[in-house]
Amino acid sequence: GSTGSRMVILRSDGVDTALSCGFSGPITTCDAGPTVQAIPGGSLITLRFVSTGTPDTSDALVSWSFVR
């Protein structure tokens with residue numbers, strides 16, 4: 001079993017935002033809920049994946065929605 005966790009963090013122009021989602025153990029999904037993050041137009045959006053301990057090996061599928 002897993003002895004670690006993972007965190008996915010939305011980044012704007014190379015800087016972590018407040019929008020993140022974490023999961024550990026047998027949990028394979030997470031929902032950031034009603035978290036809202038303003039992103040300035042023209043920003044480069046990336047994701048940062050952070051693992052701690054020894055999480056189970058798995059693929060990652062990430063999605064989010066944009067509201068204008």
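**Val-8, the disulfide and the sheet**

Colleague: Which residues is Val-8 in contact with, leaving aside its neighbours within four places in sequence?

Modeller: The model is predicted: local features need pLDDT of at least 70, side-chain atom pairs count only at pLDDT 80 or more, and totals for chains, interfaces and linings use all residues. Residues are numbered from 1 along each chain as its sequence is written, and side-chain values use heavy atoms, with hydrogens and water left out. Contact means heavy atoms within 4.5 Å. On that basis the partners of Val-8 are Leu-19, Ser-20, Cys-21, Phe-23, Leu-47, Arg-48, Phe-49 and Val-62.

Colleague: Is Val-8 buried or exposed?

Modeller: Val-8 lies in strand β1. Its relative accessible area is 13%. Buried means under 20%, exposed over 50% and partly exposed in between, with a 1.4 Å probe and protein chains only. Val-8 is therefore buried.

Colleague: Which cysteines form a disulfide?

Modeller: A disulfide is a pair of cysteine sulfur atoms within 2.5 Å. The structure holds 1. Its sulfur atoms are 1.9 Å apart. The pair is Cys-21 and Cys-30.

Colleague: Which class of accessibility does Cys-30 fall in?

Modeller: Start with its partner: Cys-21 has a relative accessible area of 12%, so it is buried. Cys-30 stands at 33% relative accessibility. Cys-30 therefore counts as partly exposed.

Colleague: How many Å apart in space are Val-8 and Cys-30?

Modeller: Val-8 has Cys-21 among its contacts, and Cys-21 is joined to Cys-30 by the disulfide. In sequence, Val-8 and Cys-30 are 22 residues apart. In space, C-alpha to C-alpha, the separation is 9.6 Å.

Colleague: What pattern does the protein follow along the sequence?

Modeller: Helices (H or I, at least four residues) and strands (E, at least two) are DSSP runs, numbered from the N terminus. The protein has 0 helices and 3 strands. Read along the sequence, the pattern is β-β-β.

Colleague: What order do the strands take in the sheet?

Modeller: The sheet is open and has 3 strands, with antiparallel pairing. The edge strands are β2 (15–24) and β3 (45–52), each pairing on one side only. Two strands pair if DSSP finds at least two bridges between them. The order is β2-β1-β3.

Colleague: How many bridges link β1 and β3?

Modeller: Leu-10 stands opposite Leu-47 in β3. Leu-47 is also one of the contacts of Val-8. β1 and β3 pair in the antiparallel sense, and the number of bridges is 8.

Colleague: Which residues does Ser-12 touch, not counting those up to four places away in sequence?

Modeller: Ser-12 sits in strand β1, which covers residues 5–12. Its relative accessible area is 13%, so it is buried. Its partners are Thr-17, Ile-39, Pro-40, Ser-43 and Leu-44.

Colleague: What percentage of the residues in the protein is buried?

Modeller: Val-8 and Ser-12 have been given as buried. The protein has 68 residues. The C-alpha trace spans about 40 × 20 × 20 Å along its principal axes. The buried share is 16%.

Colleague: What percentage of contacts between residues at least 6 apart in sequence joins residues at least 24 apart?

Modeller: Val-8 and Val-62 are one pair in contact. Count the contacts in the protein between residues at least 6 apart in sequence. The share that joins residues at least 24 apart is 53%.
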